[in-house]
Amino acid sequence: MKKLRVIALFVAGAATAAFAAPYRDLTATHEFLIGTTMHFSADEGIVDEVLQVMQQGGHNVWRGDASWSTAQKNAASPVRLGASSQAAVDASCKYGIAPLLILAYTNKIIDGRYPVGSRLPPYVNYCDSIVAAEKGKVHFYQVWNEWDGSCGVTPEVSALKENTVPNYLKLLRESYRVIKRNDPESIVIANSVCSGDNTLLECFRSGMLDYCDAYAIHSYTRHNPERVYNRLKNLAEASANFNNNQPKPFYLTEQSWITHTAKVSEATQGISEAMQGDYIARLFLLFKSLPSCRGVMWYNFNERGDDYKRPTLFWGMVNRDMTPKDAYYCLASVAETVKKGKFEKRLSSEDKELWLMVYQMPDGSRTLAAWTEKPGIRVQVILNRGDAPSNPLTFIKCGHPVITRNWGFRDQTIDRLDVPVDWKQFSFYTTTRPVLIGGLPKDFKVEKIAIHLFSDKK
């Protein structure tokens, strides 16, 4: 069976007798993950159609629930993935997309309560059975999801306040033990918190990072991607204090902006589809530049309805019938750079809201991704190749087709036409929608940056 680019060697004895996390960074063995959440467990979508659309959009991972309540109907029944989830897992290899399964939530076997204390062993048995059955097909497991946010339980159970950090750590430790026993090459991802950074820091201080290969994080916000990046960069750096002075690998497993502009409430005010496209491209390009980030997953792949009075139906990058939105095409535009490129540097500029990000590609060439955070302007960037060969360039405005461009620029306007060509220069404009220039030589320079007022009506 095809291995989906997750090739990891397990070193005997790497896990301690207490099954603390192995010293080898298994997350470094796969390419950067680009994907989304899809609710196959709820029987959403046509499996092959969804996976085919994901593949064409550059995805190499999907994330979804391995619902315990679906996998085990009663204490005496065997544990197996629900039919829809199993169909998605089995079909994923054909499309070169890795499944990431969330091992959650509660079950009537434990009266719908949290799996803590005497209720923990049935949950561990569920984890044990799922991983044993899916070994070779699934390499990524997230242990629960938003534990602190009462996800998957009733308000009555939530009121019991059993979802504490110490209880989660006990669950994670035992789950980690059985997952690694069944599949030492698997990557175990700790649950994301949803009640704030202090809760995540409490998890760090309490030893969570010793029982996972990476942690998950969610960052829903109305702020732009650059604000998200700066916040999570600080948290990643903080994790080093609890991980032998090295930032712990993490996956941004849920992030999105609603495309819903009807003002139902302040909290759910959304953005335009065009702006969502801008944001998704910038988000993935930014997090590729953060060394401890191993992947980003959008929430959600598909919209889940059409009722404008329910804004949270509109997270998706495609409509509920798989009609792509701007975000789908913009992610596809950056996918190759994010998956295959190696972030090299951000070029300096006096304008701190101008991002000029350089990625080294496998063939040794450089790709420059450029955008501004400021709406209503466009930024002209003039590059110079120096003495490097005048090789063709690829030009992508995110969400649009790739075109081929060549070196050479005449700095003409209607009032200034008698201008010679400078064959070492290349000029382009960018806005809040990133532009990618590929095929650049290693030592290209930014010769000039000019800001032009512009009403960018999308």
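This note goes through several salt bridges and one buried phenylalanine in a predicted model.

1. The structure holds 24 salt bridges, and the points below take up a few of them, with attention to where each partner lies along the chain and how far its side chain is open to the surroundings.

2. In one of these salt bridges the side chains of Asp-25 and Arg-294 come together, with a nitrogen-to-oxygen distance of 2.4 Å. Because Asp-25 belongs to the segment before strand E1 (33-37) while Arg-294 sits in strand E8 (residues 293-298), the pair ties together parts of the chain that are 269 residues apart in sequence. As for their surroundings, Asp-25 is partly exposed, its relative accessible area being 28%, whereas Arg-294 counts as buried at 16% relative accessibility.

3. A salt bridge also joins Arg-63 to Glu-254, and here the closest N and O atoms are 3.1 Å apart. Arg-63 is part of strand E2 (residues 61-65) and Glu-254 is part of strand E7 (residues 250-254), so this pair ties together parts that are 191 residues apart in sequence. Glu-254 is buried, with a relative accessible area of 5%, and Arg-63 likewise counts as buried, at 0% relative accessibility.

4. Arg-119 and Glu-162 meet through their side chains in a further salt bridge, at 2.6 Å from N to O. The partners come from distant parts of the chain, 43 residues apart: Arg-119 is in the loop between strand E3 (98-103) and helix H4 (120-134), and Glu-162 is in the loop between helix H5 (155-158) and helix H6 (165-182). Although both lie in loops, Arg-119 is buried with a relative accessible area of 17%, and Glu-162 counts as buried at 11%.

5. Salt bridges can also share partners, and in this way Asp-90, Glu-134 and Lys-137 are joined into one network.

6. Turning from charged pairs to an aromatic residue, Phe-287 has its place in helix H9 (residues 273-288) and counts as buried, with a relative accessibility of 0%. Leaving aside residues up to four places away in sequence, Phe-287 touches Phe-32, Val-228, Tyr-229, Leu-232, Phe-250, Leu-252, Cys-293 and Val-296. Tyr-251 stands 36 residues from Phe-287 in sequence, and the C-alpha atoms of these two residues are 9.6 Å apart in space.

7. Which residue of the pair Asp-25 and Arg-294 is partly exposed, and which is buried? Asp-25 is the partly exposed partner, and Arg-294 is the buried one.

Terms used
Residues numbered from 1 in each chain as written. Predicted model: local features only at pLDDT ≥ 70, side-chain atom pairs only at ≥ 80, totals over all residues. Heavy atoms only, no water. Salt bridge = Lys/Arg side-chain N within 4 Å of Asp/Glu carboxyl O. Helix = DSSP H or I, 4+ residues; strand = E, 2+ residues; numbered from the N terminus. Buried < 20%, exposed > 50% of the residue type's maximum accessible area, 1.4 Å probe, protein only. Contact = heavy atoms within 4.5 Å.
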